[in-house]
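Trainee: I would like to learn how to read helices, strands and charged pairs in a model. Where should we begin?

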Number of protein chains: 2
Amino acid sequence: MPEPALGLDVVASLPEAAEALLDGRNVVVIDVLRATTVIGQALAAGAARILPAATPAEARELAAGLEPGSFLLGGERGGYRIPGFDLGNSPLEYTPERVKGKSIVLASTNGSVLLARCRRSRRTLALSFNNLSAVAARVRDAGGSWVAVCSGKLGRACLEDLVCAGRLGARLGLAGEEGPADSLDDARDGLTIARLLDERLGGDLAEMLRRCAHGRYLESIGFGPDLERCAQLDILAGVPEMAGGAILPG
Amino acid sequence: MPEPALGLDVVASLPEAAEALLDGRNVVVIDVLRATTVIGQALAAGAARILPAATPAEARELAAGLEPGSFLLGGERGGYRIPGFDLGNSPLEYTPERVKGKSIVLASTNGSVLLARCRRSRRTLALSFNNLSAVAARVRDAGGSWVAVCSGKLGRACLEDLVCAGRLGARLGLAGEEGPADSLDDARDGLTIARLLDERLGGDLAEMLRRCAHGRYLESIGFGPDLERCAQLDILAGVPEMAGGAILPG
């Protein structure tokens, strides 16, 4: 049986991403501010792997099973580094000097939670603007049916992840669904919504990140430079992919 | 203490509408296709009240406590009238001849579920394009902090409810949040997203309803005329409002 034609469904936020929707699926996880940007940067800087954790406590548990010196604890709550952790959630911290060869146990508020839910997905890729073309090429090569899941922010849809999902759809040449919707389940508006937002705001990604709610918050607590970094399109060639619960360079 | 300035937060879909977000709040419920349109039409046609039910079984239970002859069962699954129910979920069915003086027990797939979750909200209004200006005036007169909740479709965000929420924001003169976001909870992107979608697609509401996923599905099963009706702006002056678990004409 031939693989079905390339398709992309877009899920607007974490609460919409029921496990039933992720199990056995080809998933692209998006958390532009900042987990998937951090993951791309950490692996590009030579980190061995990322272990996503849903909570700081789960991160510490995961770390307890690792060789001392082989790992770093990373993550944030409220945008700030978690007390006792080695690294926060700024991509600028994940330099080769800090992370080369290490496992990173990562507990962010939104993206890590979503990644931890993807353990039974068929494939899981981590997308940011930094590696958008690389991820698009990987998806196109694989073909078939994909779901792009926006992490959102504290249980709500956010602008920057939807714009990123829309840009992925555009890069893949996929419009929102059109034509008659034969079954109630068939047709979803996620990709249409994401593409419209990208068309409207994607022309200046840095400005879009300064405008969105989470960007304004990060700027207000001193992470303005992170926004510039998170807005950079196609500066990384790697495609982080989950395998056996860890995210590996790809 | 003066009432806080008028504010509108937009929640993109049912899974994002945790009860904690609704309890004690001023809520505007949106299910353009078709529950809140039906509710507006039924009450304008003289129905005494609407009793929202989360499931067909709950609708039958609610009905069992009512005087025979005093009520009608309405609602849909998969867009079709529920077997044994008197009415489906098409606004065109809710004529004065059918509904005048009756209680309507309504079980739709998305909007009724959300309305049933609003029982501890401070105020709950039902919004559609049909009564948009009337609802906006009521919200403006009341002032304070409001949350517009899009029902969405089968647990996912949908275009038409977001456009309607955006139009409400526009009518109230509220942009998405701007300026620094002082706390992580402060700033949400929902209104920004909704306003952008309304600016892009709100110029021709009937066309937008024919384009969105649920509209295409309804058209495919023969409910095309419903879309024209649901797209009509400001044809109703009533503001349906919840009181004691029932939605009353307002």
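Mentor: Begin with a term: contact means heavy atoms within 4.5 Å. Keep in mind that this is a predicted model.

Trainee: What covers the buried residues of H10(B)?

Mentor: The cover includes strand S5 (80–81), H7, helix H9 (205–211) and helix H11 (224–230) of chain B. H10(B) itself spans residues 213–220, and six of its eight residues are buried, so by the cut-off of under 20% relative accessible area the helix is mostly covered. The buried ones are Ala213(B), His214(B), Gly215(B), Arg216(B), Tyr217(B) and Leu218(B). After H10(B) comes Gly222(B), with a positive phi near 100°.

Trainee: H7 of chain B is part of that cover. How many of the 13 residues of H7(B) are buried?

Mentor: Eleven of the 13, which leaves H7(B) mostly covered. Its buried residues include charged ones, among them Glu160(B), Asp161(B) and Arg167(B). Others on the list are Leu159(B), Leu162(B), Val163(B) and Leu168(B).

Trainee: What span does H7(B) reach from its first C-alpha to its last?

Mentor: To read a helix span, set it against the value expected at 1.5 Å a residue. H7(B), residues 159–171, reaches 18 Å, close to the expected 18 Å. Just after H7(B), Gly173(B) has a positive phi of about 75°.

Trainee: Now the charged pairs. How many salt bridges are there over all chains?

Mentor: The search of the whole structure gives 26. The idea is a side-chain nitrogen of Lys or Arg within 4 Å of a carboxyl oxygen of Asp or Glu. Take Asp9(A) and Arg156(B), whose closest N and O atoms are 2.9 Å apart. Asp9(A) belongs to strand S1 (residues 7–11) of chain A, while Arg156(B) is in the loop between strand S8 (145–150) and H7 of chain B, so this pair joins two chains. Both Asp9(A) and Arg156(B) are buried.

Trainee: Where are Glu58(A) and Arg119(A), which also form a salt bridge, placed in chain A?

Mentor: Glu58(A) is in helix H3 (residues 56–64) and Arg119(A) is in the loop between helix H5 (111–117) and strand S7 (123–127), so the bridge ties together parts 61 residues apart in sequence. The N to O distance is 3.4 Å. Glu58(A) is partly exposed at 22% relative accessible area, and Arg119(A) is partly exposed at 45%.

Trainee: Which residue of chain B does Arg156(A) bridge to?

Mentor: Asp9(B), with the closest N and O atoms 2.9 Å apart. This pair crosses between chains, from the loop between strand S8 (145–150) and helix H7 (159–171) of chain A to strand S1 (residues 7–11) of chain B. Arg156(A) is buried at 4% relative accessible area, and Asp9(B) counts as buried at 17%. Shared partners can also build a network: salt bridges join Asp9(A), Glu16(A) and Arg156(B) into one.

Trainee: S1(A) holds Asp9(A). Do S1(A) and S8(A) run parallel or antiparallel?

Mentor: They run parallel, joined by five bridges. Val11(A) stands opposite Val149(A) in S8(A). Four of the five residues of S1(A) are buried, which makes S1(A) mostly covered.

Trainee: Last, the rings. How many aromatic pairs does the search find over all chains?

Mentor: Zero. A ring can still have a charge over its face. Arg34(A) lies over Phe223(A), 4.5 Å from the ring centre. In chain B, the charged end of Arg34(B) sits over the ring of Phe223(B), at 4.5 Å from its centre.

Terms used. Residues numbered from 1 in each chain as written. Chains lettered and ligands numbered in written order. Predicted model: local features only at pLDDT ≥ 70, side-chain atom pairs only at ≥ 80, totals over all residues. Heavy atoms only, no water. Expected span 1.5 Å × (residues − 1). Buried < 20%, exposed > 50% of the residue type's maximum accessible area, 1.4 Å probe, protein only. Phe/Tyr/Trp six-rings, centres within 6.5 Å; stacked < 30°, edge-to-face > 60°. Lys NZ or Arg CZ within 6 Å of the ring centre and 35° of its normal. Pairing = 2+ DSSP bridges.
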